[in-house]
Amino acid sequence: MEKKYDDFLKKAEDIADVIKDAIKNNNGQTKIVSHLDTDGITAAGIIATTLYRAGASFQVSIIRQLEEDIMATLSKGKENVNLFIFTDLGSGQLDIVRKYLDTKKTKVVILDHHPPIGAEDGVFQLNPHLFEINGSYDVSGAGVSYFVARAIHEENKDLSALAVVGSIGDRQDKGEQGSFIGLNKNIVDDAVNAQVLEVKKDLRLFGRMTRPVHTALEYTTDPFIPSITGNRDACFKLLVELQIPLKKGDEWRSIADLTTEERTKLVSALITRSLQHGVSSDEAQSIVGNVYTLVKEKEGGILRDAREFASCLNACGRMGSAGVGVALCMGDRKRAYKDAEDVLSKYRTRLSDHISLISDNIERIVDFENVQIFDGKRLVDDRIIGTVVGLARSSNMLSSEKIVLGIALQEGEGFIKVSGRSTEKLVSKGISIGKALSDAAQGIEGVEAGGHDIAAGARVPLEKEQEYIKLVRKNIDKQFAKSESVKNVQDDG
Ligand code: C5P
Ligand code: C5P
Ligand code: ZN
């Protein structure tokens, strides 16, 4: 294993010692604070389970972001907390953490994969960026948390499956054919060895085992299949044309029920369709690739396929039911499971309503040279604006050649939420939406921003919206210009 990975794992052990030491005497509580998306919820679930197994008492808070007022609330009653563990957030808010917590009185651990901003003085931080490990593809927040859980006790190796779900939630399965790279690969190996995960090649369609084939086609957004994704009638029509029976007796057939011959026919039809619509060959081929099965989960259930599990947790977090998600990650397969099924179905309806909302409000899309902005104020909830613009882009309503920004109102608070989404192609050209949003925030009082090259966000006082967006656009234009000049030099050379 490369040295940087060794160093990272060594630091995971040091941090595990800090946690073990803090919980040894059980003389105070641990507070786990995490982000509301899939990666954040799985990270919290991994640490909560680890503490539970170690007999420690703890509390979990799932938040939309470590904003200053949220940190102020979290720090109330800190006298009774001897250990704070922040997962999937915190590195981008080191100054806020240090402002509200005295690290001489309370131990503070941050297990994150966002680019660190500020000084870590006194904070115990595990973050891939500090080891020159990529935080967008090599390891997620759940993955970072997993390595610490594993270093606390071997018994926690079964939690590797949750870490895989977290990484899929952050779309880190971007190696060849949906595989993982870097530390994520190590996690998948652990999960396979612990017999909690199976990896095989199949059609990477959503709801592979639980949904009728036509629904799986309709719901698949990654990869997006032009004229199929979101188009129920076209899905039926395609299956009829290919002479693939929809039912066996009275039961709908799922992807898992298809014969090899039927699969081959379906794959080639889908690839052809994507190519005809101008999708790149790599993207089109990615319809087939690694699928990850959590073998301990109920067959036909919503948690057996890692992608579906991830989508379910995302739904919980973004629909205000994060507690249900944490309970699922901690093993509740009764009440939380039922609640999650409900949340998931409401979330699907909500997303598809929102996609129609964008197409009904096309005038709210403002087009600039390198940026497209969708103004979703009073239309879209701030917790799902990122998912909504991401989906709108997949369905070609927003450009894939530009950075897209979604804007929503944080109702009653006097702030807007900005969600930025990029593409792998733009990232490979050196464009970073995370950097553009963070740099712009430096110059304007009251703005909090952060995130990755591919996906990032910000919270901006209402009256600063114009000024901030202008600065963000300027930063992005500069990045595009720089990447063009690098390209020209390379072409010339
Ligand atoms: O805070 P965290 O790193 O977990 O969040 C990253 C977010 O960015 C996730 O909600 C994920 O779904 C989103 N994302 C995206 N498109 C990508 C990569 C990540 O929308 N290609
Ligand atoms: O909220 P959204 O899904 O758009 O977030 C995309 C990414 O940006 C996530 O990784 C999130 O943690 C990060 N983010 C941040 N600071 C903010 C808003 C979002 O670091 N104020
Ligand atoms: Zn994350």
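A polar contact here is a pair of N or O atoms within 3.5 Å; within protein, one must be able to donate a hydrogen and the other to accept it, and residues adjacent in sequence count only if both atoms are side-chain atoms. This is a predicted model, where local features need pLDDT of at least 70 and side-chain atom pairs count only at pLDDT 80 or more, while totals for chains, interfaces and linings use all residues. Residues are numbered from 1 along each chain as its sequence is written, chains are lettered from A and ligands numbered from 1 in the order in which they are written, and side-chain values use heavy atoms, with hydrogens and water left out.

**View 1. Ligand 1 and its polar contacts.** A polar side-chain atom of His35 sits 3.0 Å from an oxygen atom of ligand 1, and His113 also puts a polar side-chain atom 3.0 Å from a ligand 1 oxygen. Asp170 joins in with a side-chain N or O atom 2.9 Å from an oxygen atom of ligand 1. On its own ligand 1 exposes 470 Å², and the protein buries 87% of that (accessible areas come from the Shrake-Rupley method with a 1.4 Å probe; for residues, only the protein chains shown count as cover). Of the 14 residues around ligand 1, the nearest are Asp37, Asp88, Arg318, Arg421 and His452 (around means that a heavy atom of the residue lies within 4 Å). Sorted by class, that shell holds two nonpolar, five polar and seven charged residues (Ala, Val, Leu, Ile, Met, Phe, Trp, Tyr, Cys and Pro count as nonpolar, Asp, Glu, Lys and Arg as charged, and the others, Gly among them, as polar).

**View 2. The zinc ion (ligand 3) and its donors.** What holds the zinc ion (ligand 3)? Asp39 (OD), Asp88 (OD), His113 (NE2) and Asp170 (OD) coordinate it at 2.0 to 2.3 Å (donors are N, O and S atoms within 2.8 Å of the metal, or 3.2 Å for Na, K and Ca; water is not among the atoms, so sites may look incomplete). Along the chain, the donors of this zinc ion are spaced D-x48-D-x24-H-x56-D. Distant parts of the chain are linked here: Asp88 is in the loop between β3 (81–87) and α4 (94–100), and Asp170, 82 residues away, is in the loop between α6 (160–169) and α7 (183–193) (helices, H or I with at least four residues, and strands, E with at least two, are DSSP runs numbered from the N terminus). Asp88 and Asp170 are both buried (under 20% relative accessible area; exposed is over 50% and partly exposed in between, with a 1.4 Å probe and protein chains only).

**View 3. Ligand 2 and its surroundings.** Lys417 brings a polar side-chain atom to 2.6 Å from an oxygen atom of ligand 2, and Arg318 does so at 3.3 Å. A polar backbone atom of Glu448 is 3.3 Å from a nitrogen atom of ligand 2. The protein covers 93% of the 460 Å² of accessible area that ligand 2 has alone. Strands β13 (415–421), β14 (448–451) and β15 (455–461) each give two or more residues to the shell. Of the 16 residues around ligand 2, His114, Lys417, Ser419, Arg421 and Gly450 come nearest.

**View 4. Helix α17.** Helix α17 (residues 433–442) is largely enclosed by the rest of the structure, because seven of its 10 residues are buried. Among them are Ile433, Leu437 and Ala441.
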